Amino acid sequence: MYATIPNVKRIAMSLMTTFFHDQQTSYTYTMSKTTFGRIVLIAACGGVMAWVLSLAFDKLMLTPLFCSGVSANVRMCAHSTMLGGDIALLLVNMLLLPLLAVTGVRRPLLVVLAAAVSLWGMTIWTNGFWLWSLGLTVVVMTLVYATLAWLNQAKHNGVAIILLSLFAVLARLVLA
C-alpha cells in the first residue's frame, strides 16, 4: 500500500507540470499556479456571493413584490427563485470581470460571458437544502471558471473563442 503513494505523487506532479508550464509555447500563454489559485479563490467567493444574492433577491424582493396581496402574479411568483438566481448570476459575473482582469486572465470578458452562458439557470438544479445548494453553487461556479480560465490560455483569439464557445454549448447541453 505504501509503495503506491510515491507513484500517485509522481503522477500528480507530472500532471501539474503538464497543466502549468513555465515556458510559453507557440500555441498557449503561461499560467502560474498562483494565478490559477487566485482564479479558483475568486470563483469560489463569486459562488458564495451568487448564492447569497439569489436568496436575497428571491426572499426579500421578488416574493414580497409579486406573491403578496390580492394582485399576486402566479407566474412570477412560481419562478421567483429562478429569476432571482439569474439576476444574481449576472451581477456576480459583472463583479468578477474586473477581478479577473486584475488577476491577469487574458480576455476576461470572454471568460465571463462563457461562464454566464454556462451557468444560466443554475438556481433550478442547485435549489434545495441551503447547505447543499450553497456547496453545489460554489463547486460548480469554481469548476466552470477554472476550466474556462485554463481553456483561455490559447494565444490565438479565434481558437480561444471556439474553445470557450464549445465549452459553453456543451455545458448548456449537459445542464439542460
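Let me start with salt bridges: in this predicted model, the structure holds one salt bridge, and the partners are lysine 59 and aspartate 58, whose side chains meet at 3.6 Å, N to O. Are these two residues buried or exposed? Lysine 59 has a relative accessibility of 51%, and because the cut-off for exposed is over 50%, lysine 59 counts as exposed. Aspartate 58, on the other hand, has a relative accessible area of 5%, and is therefore buried.

Aspartate 58 brings me to helix α2, since that helix bends by about 35° at this residue. Helix α2 covers residues 33–66, which is 34 residues, and at 1.5 Å a residue these should span 50 Å, so the 47 Å between its end C-alpha atoms agrees with that expectation.

Now let me turn to the nonpolar core. In soluble globular proteins, nonpolar side chains tend to be buried together. Here, the largest nonpolar core has 27 residues, and those that touch the most other members are Leu100, Val111, Leu119, Met141, Tyr145 and Leu148. Which helices each supply at least two residues of this core? They are α2, which we have just looked at, together with α4 (80–103), α5 (108–119) and α7 (130–151), and it is α7 that gives the largest share, with nine residues.

To see one of these core members in detail, please find leucine 100: if we leave aside residues up to four places away in sequence, leucine 100 touches Ile39, Ile42, Val105, Pro108, Val111, Val112 and Tyr145. Among those contacts, Val111 and Tyr145 are also on the list of residues that touch the most other members of the core.

Key. Residues are numbered from 1 along each chain as its sequence is written. This is a predicted model: local features need pLDDT of at least 70, side-chain atom pairs count only at pLDDT 80 or more; totals for chains, interfaces and linings use all residues. Side-chain values use heavy atoms; hydrogens and water are left out. Helices (H or I, at least four residues) and strands (E, at least two) are DSSP runs, numbered from the N terminus. The expected span of a helix is 1.5 Å times one less than its number of residues. The bend at a residue is the angle between axes fitted to the seven residues ending there and the seven starting there. A salt bridge is a side-chain nitrogen of Lys or Arg within 4 Å of a carboxyl oxygen of Asp or Glu. Buried means under 20% relative accessible area, exposed over 50%, partly exposed in between (1.4 Å probe, protein chains only). A nonpolar core is a set of buried Ala, Val, Leu, Ile, Met, Phe, Trp, Tyr and Cys residues joined through side-chain atoms within 4.5 Å. Contact means heavy atoms within 4.5 Å.
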